[in-house]
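I opened this model to look up how its helices pack and where its nonpolar side chains gather. My entries follow in the order in which I looked.

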Amino acid sequence: MVRVRCALQALPLAIALASPALASDELAAKLSYCQDCHGVSGQGYHGFYPIPRLAGQQPDYIKNQLQAFIERRRTNNIMFNVAHALQPSMIDGLVASFARLNPRPLSGGSKRLVDAGRTIFENGVPEANIAACAACHGPEAKGSGQIPRLAGQLPDYVASKLAHWSEERGQLRGKPDTSLIMEPVAHSLTKAQVEAVAAYVSYLR
């Protein structure tokens, strides 16, 4: 029921965002399919397994991650199949469409952790030799190039990814990618620090 409802709600938006490089109905159908899981307007979905926000995400980051799924540098059985089925022109249309979206964040992080998360995001954790998140992700957490946007991302998704970074990212050691930059940071942050950062970025727009 949720899947059908999301698809119907997302369809008018998908048609409006259709790229001239593709048939509008083809791109609209694929956007609707993506938003079945990633939520209306690509804002993410809180569920048993949190599904990430794609709205406003950096196009180069999404492209890199889709390629990572194809090459098994990142693990996710569903996305393995999705990524393999996408042609380059379709990927270009999808990432451009999601990049233009900026719906209100679903938030959900603990507000009592926001101040602590802001401190870590802006200043890092000097005593643990952890750099500020803002150094790479930008002061507004909107990312750049292959560095992802964190602003508005679901807090449970961020926390889960950081906690399982080495199990899901950079699987091909002979072919390193930008995910390896985060590995020492993810390993160095405590659970409480991860939850604080995740809460802070979840409220950013």
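Entry 1, a leucine and its surroundings. I began with Leu 189, which touches Ile 120, Ile 130, Leu 162 and Val 194 when residues up to four places away in sequence are not counted. I note here that I am working with a predicted model.

Entry 2, the cores. Apart from that leucine's surroundings I found another core, of 19 residues, and I wrote down Leu 54, Leu 66, Ala 83 and Met 90 as being among them. I then turned to the largest nonpolar core, which has 22 residues, and asked which of them touch the most other members. They are Phe 121, Ala 141, Leu 162, Leu 189, Tyr 200, Val 201 and Leu 204. Helix H6 (114–123), helix H8 (155–163) and helix H11 (191–202) each supply at least two residues of this core, and H11 gives the most, with five residues. I keep in mind that in soluble globular proteins nonpolar side chains tend to be buried together.

Entry 3, H6 against H11. I looked up this pair next and found that the helices pack at an angle of about 95°, with their axes 7 Å apart. Angles of 65 to 115 degrees count as roughly perpendicular, and H6 and H11 are therefore roughly perpendicular to each other. From H6 the contact is made by Val 114, Ala 116, Gly 117, Arg 118, Ile 120, Phe 121 and Glu 122, and from H11 by Gln 193, Ala 196, Val 197, Ala 199, Tyr 200 and Val 201. By class, I recorded nine nonpolar, two polar and two charged residues in the contact of H6 with H11.

Entry 4, H3 against H5. For helix H3 (residues 59–70) and helix H5 (residues 88–99), I noted that the axes come within 9 Å and cross at roughly 135°, and H3 and H5 are therefore oblique to each other. H3 passes H5 in a right-handed crossing. Pro 59, Ile 62, Lys 63 and Leu 66 of H3 make the contact with Ile 91, Asp 92, Val 95 and Ala 99 of H5, and the classes are six nonpolar, no polar and two charged residues.

Entry 5, a serine. Is Ser 179 buried or exposed? Its relative accessibility is 7%, so Ser 179 counts as buried. Ser 179 is found in helix H10 (residues 179–188), and, leaving aside neighbours within four places in sequence, Ser 179 is in contact with Trp 165, Arg 169 and Gly 170. I also looked up Glu 168, which is eleven residues from Ser 179 in sequence and 9.8 Å from it in space, C-alpha to C-alpha.

Technical notes
Residues numbered from 1 in each chain as written. Predicted model: local features only at pLDDT ≥ 70, side-chain atom pairs only at ≥ 80, totals over all residues. Heavy atoms only, no water. Axes fitted to C-alpha atoms, helices over the stretch in contact; angles between N-to-C directions. Parallel < 35°, antiparallel > 145°, perpendicular 65-115°, else oblique. Left-handed = near helix turned anticlockwise from the far one by under 90°. Contact = heavy atoms within 4.5 Å. Nonpolar A, V, L, I, M, F, W, Y, C, P; charged D, E, K, R; others polar. Core = buried A, V, L, I, M, F, W, Y, C linked by side-chain atoms within 4.5 Å. Buried < 20%, exposed > 50% of the residue type's maximum accessible area, 1.4 Å probe, protein only.
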